[in-house]
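Student: I have a structure open and would like to go through the labels people put on it. Could you help me see what lies behind each one?

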Amino acid sequence: MSKSSLMDRPIRLAFLTPDFPTESRSGAGAFVHRFAEVLRQYGQTPEVFVSSDHPPGAIDFYGLRVERVPSRHGVVARQLRRLSGCGELVDNLVAARELARAVERRHAEQPFDIIHATDWRATGLFTRRIPKAVRVAYCCWSRELFRRSERRPWSFAEWALDRLEVLSVRRADRAYAPSRYLAGHLERSEGIDTAVVRTPHRLECVPVDPRIDLPERYLLHFGHLRLRKGTDMVAAALPLAWKEEPELRMVWAGPLRGVSFDQARQSWGAYAGNVIHLDELERAELYGVLHRSVAAVLPSRSDNLPNTAIESLMLGVPVIGTFDSSIDELVEPGVCGDLVAIDDVSGLAAAMVRAWRGEVAFHRLPAVFTEMQAENAVRRLLEICGFPPVRLERQAPLAPPRITILHPPAARAGEGFNLQPDGMSAIAVQCENAGMFTALRFGDAMLRTTFGDAGLVSALIPPELVSTPGQVGVSLVDAIRGSSDAVAFQVEA
């Protein structure tokens, strides 16, 4: 069948990935989800194959077929793992082989037109050439480049996995990266012709008002806090910034990798109380912390169009980033943030002071967001895969959540209900069309929500929200499906 005739039906795509929001949270998994979701929205047929610790099998995730593929450690693999001392390397090779097998089985049932594999952990290494199908490699990072920015020595296993990841890209028919920065590196260092396809931009969920004791104003440094992300630069810049603005406050949010917050606090002396560190937050609550910040400070040494910068800009928060790191492809100084040179600590401190004084502001999204619009990103991906232009028609949206019953439907003011071990009250909501990205709104407050299944969610309710008699509107807000109508919860006298 010719590619021109493929346009008479939806294009079928298989996404191979080591992570996905059904399993955990990572930048690569979020990217795959964004692309798969917009392809579904525009009438194509994406399917996701993800390495998983859950029982194997296909699940429905907001209209996407997601097949959880276990990494089966057979006798040979277990022996090799034990004898080699390279457990991570063996695990990734086994996982990649199982992903390839799962795609081949599914392809025999319903053929794919595009096999899309992530370079991280060499997921596409064992995919075989399939007649009339295009194998495309999504380059989400360079292990060698990112390791260098972390100033870490190679281990043999890491070096070997890097070479296998590069080999998986070479074996593909096409390769692309979201940033010119990474695409250029792969072309120069590996001789791989790498196209640029921008990340479709979208927020994963609705911001939740953070129930955390935060300063009234603060700068935010968040994500995976490590050398590659410039965390040491931020720590060194703060004392210089305090000389100009002693009241400057900052929040760090996210896990620390290879940097010590306690050591940084010691270096800050009397100003140590001006900075607080939050452990990893739920995405909705992190968005709430981000939305309230004066600016996001993200001075990466090496990156690939990071989600932290994209999410900040989508929430109208200016970004202080770095030149020659890929963040400079997102941030336009004077429009949506500021840029400094990598390792320019004094320049970073000056930018932080300007942001604190309101001189670094968000005015509009940068021009690159046009390339990141869903329809444009889909067209670009299909173009680099060799498909002629297609007319993309947005499908009817998925049905929004609908509340059927509240448990309980009412409570007395100041009295707990469905009490939990910690003394908090809880509300359970029978509903339709809930999903993993569904949050419960209680009045104006977005609550941290536990997803049971499509028909049941629950949330803890802080006492102050049910302390005054009256009616409170309860609704469900889902990042993909939209919002439900509000149902009244009665707080009785």
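Student: What stands opposite alanine 426 in β23?

Tutor: Leucine 460 does. This is a predicted model, and the partner is read from the pairing of strand β19 (residues 425-432) with strand β23 (residues 456-461).

Student: What makes β19 and β23 paired strands?

Tutor: Two strands pair if there are at least two bridges between them. β19 and β23 have 6 bridges, in the antiparallel sense, so they pass the cut-off of at least two.

Student: Which sheet do β19 and β23 belong to?

Tutor: They sit in an open sheet of 4 strands, with the order β17-β19-β23-β22 and antiparallel pairing.

Student: Why are β17 and β22 called edge strands?

Tutor: Each of them, β17 (402-407) and β22 (449-453), pairs on one side only. As for the twist, neighbouring strands of this sheet are turned by 25° against each other on average, direction ignored.

Student: Let's move to β11. How do you know that both faces of this strand are covered?

Tutor: In a regular strand the side chains alternate between the two faces of the sheet. In β11 (residues 250-253), Met250 and Trp252 lie on one side, Val251 and Ala253 on the other, and all are buried.

Student: Which strands pair with β11?

Tutor: Strand β9 (residues 219-222) pairs with β11 in the parallel sense over 4 bridges; there, phenylalanine 222 has alanine 253 as its bridge partner. β11 is also joined by 4 bridges to strand β13 (residues 275-278), again running parallel, and tryptophan 252 stands opposite histidine 277 in β13.

Student: Now the aromatic rings. How many aromatic pairs does the structure hold?

Tutor: It holds 18 aromatic pairs. One of them is formed by phenylalanine 156 and tryptophan 159, with 6.1 Å centre to centre and 35° between the planes.

Student: Why is the pair of phenylalanine 156 and tryptophan 159 called tilted?

Tutor: Check the distance, then the angle. The centres are 6.1 Å apart, and the cut-off for a pair is within 6.5 Å. The angle of 35° is neither under 30 degrees, which would count as stacked, nor over 60, which would count as edge-to-face, so tilted is the word left. Both residues lie in helix α6 (residues 156-170), 3 residues apart, about one turn of the helix.

Student: What makes phenylalanine 156 exposed but tryptophan 159 partly exposed?

Tutor: Exposed means over 50% relative accessible area, and partly exposed runs from there down to the 20% cut-off for buried. Phenylalanine 156 has 57%, so it is exposed, while tryptophan 159 has 42% and is therefore partly exposed.

Student: Why is the pair of tryptophan 252 and phenylalanine 261 called edge-to-face?

Tutor: The ring centres are 5.4 Å apart and the planes stand at 65°; over 60 degrees counts as edge-to-face, so the name follows. Both tryptophan 252 and phenylalanine 261 are buried, and ring pairs link them with Trp242, Trp268 and Tyr271 into a cluster.

Student: How do you know that glutamate 311 and arginine 34 form a salt bridge?

Tutor: Their closest N and O atoms are 3.9 Å apart, and the cut-off is within 4 Å, so the pair qualifies. Glutamate 311 lies in helix α11 (residues 307-314) and arginine 34 in helix α2 (residues 27-41), so the pair ties together parts that are 277 residues apart in sequence. Glutamate 311 has a relative accessible area of 1% and arginine 34 has 0%; buried means under 20%, so both values fit.

Student: What makes arginine 106 buried and glutamate 109 exposed?

Tutor: Arginine 106 is at 12%, which counts as buried, whereas glutamate 109 is at 55%, which counts as exposed. Their side chains meet in a salt bridge of 3.1 Å, N to O, about one helical turn apart in helix α4 (residues 87-109). Both also belong to a network of salt bridges with Arg12, Glu47, Arg65 and Glu67.

Terms used:
Residues numbered from 1 in each chain as written. Predicted model: local features only at pLDDT ≥ 70, side-chain atom pairs only at ≥ 80, totals over all residues. Heavy atoms only, no water. Phe/Tyr/Trp six-rings, centres within 6.5 Å; stacked < 30°, edge-to-face > 60°. Helix = DSSP H or I, 4+ residues; strand = E, 2+ residues; numbered from the N terminus. Buried < 20%, exposed > 50% of the residue type's maximum accessible area, 1.4 Å probe, protein only. Axes fitted to C-alpha atoms, helices over the stretch in contact; angles between N-to-C directions.
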